[in-house]
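Student: I would like to learn how to read helix packing and nonpolar cores in a model. Where should we begin?

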Amino acid sequence: MAKQTRDAEFTAYVASRGGWLRKVAYLLCGDWHRADDLVQESITKLYTHWPRIGEVENLDGYARRVLVNTFLAEQRSPWWRRISRTGAEPDVVSVLPDLDTALDLRRALAALPPRQRATVVLRYYCDLTVDQAAEVLGCSPGNVKSQSSRALYTLRSRLVPRPASTERTTS
């Protein structure tokens with residue numbers, strides 16, 4: 001009976017928070033199919049530890065940490081390095097008011113190294129403090145600050161509109 005209750009609680013949690021986890025995964029990897037794989041692997045890991053979840057104060061934070069750790073572990077694996085990505089744009093789920101800006105931001109975010117991307121997603125999408133992001137990433141707050149600083153510098157340099165050439169040709 002306890003297993004049925006535990007399974008029902010797990011199913012309810014995944015049903016309510018699965019979409020949010022998928023969005024976070026997409027921001028980390030930039031590919032909806034890969035995001036689905038990351039969420040599936042994270043949910044599997046979460047299920048194996050579900051009996052001990054009662055000890056966790058912040059279930060969303062725990063699930064997010066599992067997701068980020070899964071993403072970072074995948075980035076380090078030799079399997080990921082063998083995959084050659086195509087230059088195709090990621091699938092667009094819905095039309096955004098400013099699609100060009102959104103695509104530019106996605107490209108710039110995808111170009112960041114994995115830890116910088118994870119730091120930006122945790123700090124600015126998940127709205128975590130420096131200390132909370134450091135706990136999720138398993139590093140010092142200073143490391144989160146430096147990763148954020150580098151990532152924001154790179155994003156700004158890639159996203160700043162370049163002035164159009166004002167030179168006129170004289171005949």
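Tutor: With a helix pair: α2 and α3 are oblique to each other, because their angle of about 120° falls outside the classes roughly parallel (under 35 degrees), roughly antiparallel (over 145) and roughly perpendicular (65 to 115). Axes are lines fitted to C-alpha atoms over the stretch in contact, with angles from 0 to 180 degrees between N-to-C directions. Helices are DSSP runs (H or I, at least four residues) numbered from the N terminus. This is a predicted model, where local features need pLDDT of at least 70, side-chain atom pairs count only at pLDDT 80 or more, and totals for chains, interfaces and linings use all residues. Residues are numbered from 1 along each chain as its sequence is written, and side-chain values use heavy atoms, without hydrogens and water.

Student: How far apart are the axes of α2 and α3, and which residues make the contact?

Tutor: The axes lie 9 Å apart. Contact means heavy atoms within 4.5 Å; among the residues making it are L38 and L46 of α2 and V66, L67 and F71 of α3.

Student: What is a nonpolar core, and which element gives the largest share here?

Tutor: It is a set of buried (under 20% relative accessible area, 1.4 Å probe, protein chains only) Ala, Val, Leu, Ile, Met, Phe, Trp, Tyr and Cys residues joined through side-chain atoms within 4.5 Å. The largest one has 33 residues, and L46, L67 and L122 are among those with the most contacts inside it. α1 supplies the largest share, 9 residues.

Student: What does L122 touch beyond its sequence neighbours?

Tutor: Leaving aside neighbours within four places, L122 is in contact with R64, V68, D127, L128, A133, V136 and L137. D127, just after α6, takes a positive phi of about 60°.

Note on methods:
Buried < 20%, exposed > 50% of the residue type's maximum accessible area, 1.4 Å probe, protein only. Helix = DSSP H or I, 4+ residues; strand = E, 2+ residues; numbered from the N terminus.
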